[in-house]
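Got your viewer open? Load the model, switch to a cartoon view, and let's walk through it stop by stop.

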Amino acid sequence: MNELLIELSEISPREFFGQQNEHIELLKKYFPKLKIVARGSKIRVFGDEEMLEEFDRRFTMLMDHFGKYNKLDENTIERVLTSDSEEDYQTSAESGETLVHGVSGKAIKAQTANQRKMVELSKKNDLVFAIGPAGTGKTYTGVALAVKALKEKQVKRIILTRPAVEAGENLGFLPGDLKEKLDPYMQPLYDGLRDMIPAEKLETFIEKGVIQIAPLAFMRGRTLDNAFVILDEAQNTTHAQMKMFLTRMGKNAKFIITGDPGQIDLPRRVISGLKEALLILKDVKGVGMVYLDDKDVIRHRLVKKIIAAYKTIEHNE
């Protein structure tokens, strides 16, 4: 059996290995065929030579990361162990431009390689599709780009919209008028804005129509000039709704369309307008497309595992 010996120099083993060696336990899960023993500042690894070489490469990436930023957490370790390059696992504090300074001066940046790709595509294209599962930050990044454009006076208003298709629920049974019924449904869009714009200012923007949050049906007949427009949950648009939305684009407008083709709530036999648009617009100049995946999940680390678990049963259906 081959042995690899690594000694940590100028790095605190306690911080690098984590409380009760939790980071080492995570490494063991990713390299189950290796025997990994950590004592003091040394780590001994036993196993197949090829596997040891891969472990050495990944461990060096982890040490380099810790050496630069003096921190390591489970999400970062998982990204390092599943990424091909440093660009793929750098987090927001370590890379990319600040999109906007949010409430309490919080610097909001694209946090993963695909989110940064989304930012770059938005600079070069007036229409961007950001596709991926829940928790990949596609809507949040889109909202940050919209707020940045508004603050820099590139646009005069932000319009956020969703098709009013409920995920197994019925708006008709909710109490209140139309606005009160729709507000909970539009909540993810409000959540992003609240992180980036102080409450009073946000309220004023909404009252004056500088920021508009409305169901997709309200877009019919409008021409959206000087606006940054985000269509969220676009997998729930029909052919007619998507065509209607895309043809609303006016002068000096930026459109971002986000969605998850794996979470369609449309009736059976109704084709998703998002899926159709991705096919027919893929070669159109001025249209950007980015596909986010579970490496981009920045919610609780369990979300990544939940997405993977559901993938297995969905593929078997």
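Before we start: two strands count as paired here if DSSP finds at least two bridges between them. Keep in mind that what you see is a predicted model.

**The whole chain**

Show everything first. The chain has 13 helices and 11 strands. Of its 317 residues, 46% count as buried. Now think about who touches whom: among contacts between residues at least 6 apart in sequence, 69% join residues at least 24 apart. Turn on the surface, too. The accessible surface comes to about 17,300 Å², and 50% of that belongs to carbon and sulfur atoms.

**Stop one: the six-stranded sheet**

In what order do the six strands of the open sheet with parallel pairing line up? Walk across and you'll pass β8, β7, β9, β10, β6 and then β11. Select 211-215 for β8, and pick out β11 as well: these two stand at the edges with a single partner strand each, so one side of each has no neighbour in the sheet. Neighbouring strands in this sheet are turned by 15 degrees against each other on average, direction ignored.

**Stop two: strand β6**

Now select residues 127-131, which is β6. Are its residues mostly covered or mostly open? Mostly covered: five of its five residues are buried. Show the side chains and look at both faces. L127, F129 and I131 sit on one side, V128 and A130 on the other, and all are buried.

Next, find the partners of β6. Select 254-259 to get β10, which pairs with β6 in the parallel sense over five bridges. Look for A130 here, standing opposite T258 in β10. Then select 287-291 for β11, another parallel partner of β6, again over five bridges. A130 stands opposite V290 on this side, and I131 stands opposite Y291.

**Stop three: helices across the sheet**

Select 138-151, helix α7. Which strands does α7 lie across? The list is β6, β7 (157-162), β8, β9 (227-231) and β10, and α7 runs at about 170 degrees to β9. Now add 239-246, helix α11. This helix lies across β6, β7, β9 and β10, running at about 155 degrees to β10.

**Stop four: E276**

Zoom in on E276, in helix α12, residues 273-280. Is E276 buried, exposed or in between? E276 counts as partly exposed because its relative accessibility is 25%, and the partly exposed range lies between 20% and 50%. Show the side chain of H239 as well: the side chain of E276 makes a polar contact with it, at 2.6 Å. Then pick the C-alpha atoms of E276 and Q235. Those residues are 41 apart in sequence, and their C-alpha atoms are 9.7 Å apart in space.

**Stop five: helix α9**

Select 187-196 for helix α9 and colour L189, Y190, G192, L193 and M196, which are buried. Why do they end up on the same side of α9? They cover an arc of only 160 degrees around the axis, and that puts them on one side of the helix.

**Stop six: the three-stranded sheet**

Last, head for the open sheet of three strands, ordered β1-β3-β2, where the pairing is antiparallel. Select 2-7 for β1 and 35-39 for β2: these are the edge strands, and each pairs on one side only. Here too, neighbouring strands are turned by 15 degrees against each other on average, direction ignored.

Add residues 42-47 to see β3, which runs antiparallel to β2 and is joined to β2 by five bridges. Check the pairs across the two: K35 stands opposite F46, and V37 stands opposite R44. Now look where the side chains of β2 point. I36 and A38 face one way and are buried, while K35, V37 and R39 point to the other face and are not buried.

Finish at the turn. How many residues lie between the strands in the hairpin of β2 and β3? There are two, and in this hairpin G40 takes a positive phi near 60 degrees.

Key
Residues are numbered from 1 along each chain as its sequence is written. This is a predicted model: local features need pLDDT of at least 70, side-chain atom pairs count only at pLDDT 80 or more; totals for chains, interfaces and linings use all residues. Side-chain values use heavy atoms; hydrogens and water are left out. Helices (H or I, at least four residues) and strands (E, at least two) are DSSP runs, numbered from the N terminus. Axes are lines fitted to C-alpha atoms, for helices over the stretch in contact, and angles run from 0 to 180 degrees between N-to-C directions. Buried means under 20% relative accessible area, exposed over 50%, partly exposed in between (1.4 Å probe, protein chains only). The arc is that of the directions from the helix axis to the C-beta atoms. Contact means heavy atoms within 4.5 Å. Accessible areas come from the Shrake-Rupley method with a 1.4 Å probe; for residues, only the protein chains shown count as cover. A polar contact is a pair of N or O atoms within 3.5 Å; within protein, one must be able to donate a hydrogen and the other to accept it, and residues adjacent in sequence count only if both atoms are side-chain atoms.
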